[in-house]
Amino acid sequence: AGRTLRRLVSTLVVAEHEGGLVKPSSLSALVAAEAIAKENKVSLLLGGSGPALHKAAEHAAASHPLVNEVLVADSDVFAHPLAEPWAELLRSVQQKGGYSHVIASSTSFGKNLLPRAAALLDVSPVTDVTAISEPRVFVRPIYAGNALCTVRYTGESPCMMSIRSTSFSPATESMSETKVAPITQVDLSFLSEASSRKSSWVNLTSQDTERPDLANARVVVTGGRGLKSAENFKLLEQLAEKLGAAVGATRAAVDAGYVPNELQVGQTGKIVAPELYIAFGVSGAIQHLAGMRDSKYIVAVNKDADAPIFQVADYGIVGDLFQVLEELLEKIPDKK
């Protein structure tokens, strides 16, 4: 039976795209598909409308040797990441394609969509997978990342999962020159009026900055409650500009209104794993550590020598974060 299971693996990857390119988190989902089975037949699903969608589809078609076909759902309904119409789309594509696995990345889009689509298909999703041991055996963190549990999925097909993209890093040159997958339009006749009425898109408020995106930045500079005000966060932003870094924040800093919640790092925010993570005035609550403990180098600045953050830090400075910030801003040259 093991052999037939392996032969019958086919996966649907629900991908996100931006600016005509498939997002890095979705490329990580392709790496996860490869970990499920080397001979995996992968279909990549993209939704949206306009020229950016078709550019992204061309990028997707050559993004990985396993990609067998790119499915494009071209409609204004999918221009925004609303879970209701997307879940219907996923159900329809799954019922036609009969995939054994469905993978989305654990981004806010994936976390929003997966449970609703799984409910429509009457299966139980496996979330936040960090490793794949067998086609239906996965490792995922529990207790804010303090323990890892191995789970076997024993339900009906499809096995639906969200993956933690920081655990599956795509090869930088994964573009497959040789093989370009065919691009197919998805038949959208299943879309019901009802699903598009349940929720509607209002607007997106986001900060337009030149700084890199928090989820994919090589350097992240984070501030905690110790920064004391939104004004002081500006100092952190200056440092980030100099380092070409993204700015992050703890839940306490977000709740206090110092910064918008899209900058939150942690169990209920973004999970990041940059090469360098610098934390100013972050005590290191377990929920925050869950979001950054896979960073390569962690530097912590805190006046409390007993702060839990120092237990995960590679380098620690016990001192007044404002003095340290001031010195760093003086000594680090401006980014060219």
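A search through the whole of this predicted model turns up eight salt bridges. One of them pairs the side chains of Glu84 and Arg116, with N and O 3.5 Å apart. The two partners come from distant parts of the chain, Glu84 sitting in helix 4 and Arg116 in helix 5, 32 residues apart. Their surroundings can be read off the accessibilities: Glu84 counts as buried because its relative accessibility is just 13%, below the 20% cut-off, whereas Arg116, at 36%, counts as partly exposed.

Another of the salt bridges joins Lys242 to Asp334, and here the closest N and O atoms are 3.6 Å apart. Lys242 belongs to helix 7 (residues 230-243) and Asp334 to the segment after helix 11 (321-331), so this pair ties together parts of the chain that are 92 residues apart in sequence. The lysine end is the buried one, as Lys242 has a relative accessibility of 18%; Asp334, at 57%, counts as exposed.

Helix 11 has a salt bridge of its own, between Lys331 and Glu327, with 3.2 Å between the closest N and O atoms. Both residues lie within that helix, four residues apart, or about one turn. That spacing fits the usual geometry: an α-helix has 3.6 residues a turn, so residues three or four places apart point the same way. Neither end of this pair is buried, since Lys331 is exposed at 63% relative accessibility and Glu327 is partly exposed at 44%.

Back to helix 4, the home of Glu84. This helix covers residues 83-97, 15 residues in total, and stretches 20 Å from first C-alpha to last, close to the 21 Å expected at 1.5 Å a residue. Eleven of its 15 residues are buried, so the rest of the structure largely encloses helix 4. The buried set starts with Ala83, Glu84, Pro85, Trp86, Ala87, Glu88, Leu89 and Leu90, and goes on to Ser92, Val93 and Gln94. Just past the end of the helix, Gly98 takes a positive phi of about 55°.

Helix 3 (residues 51-61) also has its share of buried positions, namely Leu53, Ala56, Ala57, His59, Ala60 and Ala61. What do the buried residues of helix 3 pack against? Their partners are strands: strand 2 (17-18), strand 3 (21-22), strand 4 (41-48), strand 5 (67-74) and strand 12 (183-185).

Over in strand 1 (residues 10-14) sits Thr11, which counts as buried because its relative accessibility is 0%. The side chain of Thr11 makes a polar contact of 2.9 Å with that of Asn40. Leaving aside residues up to four places away in sequence, Thr11 touches Ala33, Asn40, Lys41, Val42, Ser43, Tyr99, His101 and Ile103.

A few backbone oddities are worth a look. Most residues other than glycine have a negative phi, and most peptide bonds are trans. Asp122 goes against the first habit, with a positive phi near 60°. This aspartate is in the loop between helix 5 (108-121) and strand 7 (126-129), and it counts as exposed because its relative accessible area is 67%. Ala144 also has a positive phi, about 55°, despite not being a glycine. The alanine belongs to the loop between strand 9 (137-142) and strand 10, but it is buried, given a relative accessibility of 10%. As for the peptide bonds, the one from Ser157 to Pro158 is cis, with omega near 0°. Pro158 has its place in the loop between strand 10 (147-152) and strand 11 (159-163).

Ala144 comes up again in the domain layout. The protein chain splits into domain 1 (10-185) and domain 2 (219-331), whose centres, taken over C-alpha atoms, are 31 Å apart. Six residues from domain 1 and eight residues from domain 2 take part in the contact. About 630 Å² of area is buried between domain 1 and domain 2, with carbon and sulfur atoms giving 47% of that. On the domain 1 side, Ala144, Arg164 and Thr166 supply 69% of the area buried against domain 2, more than any other three residues. How many salt bridges cross the interface of domain 1 and domain 2? The count is zero, while one residue pair across this interface is in polar contact, with both residues at pLDDT 80 or more.

Technical notes
Residues numbered from 1 in each chain as written. Predicted model: local features only at pLDDT ≥ 70, side-chain atom pairs only at ≥ 80, totals over all residues. Heavy atoms only, no water. Helix = DSSP H or I, 4+ residues; strand = E, 2+ residues; numbered from the N terminus. Expected span 1.5 Å × (residues − 1). Buried < 20%, exposed > 50% of the residue type's maximum accessible area, 1.4 Å probe, protein only. Domains from an automatic or database assignment. Contact = heavy atoms within 4.5 Å. Buried area = accessible area lost by both parts, 1.4 Å probe. Salt bridge = Lys/Arg side-chain N within 4 Å of Asp/Glu carboxyl O. Polar contact = N/O pair within 3.5 Å; in protein donor to acceptor, adjacent residues only side chain to side chain.
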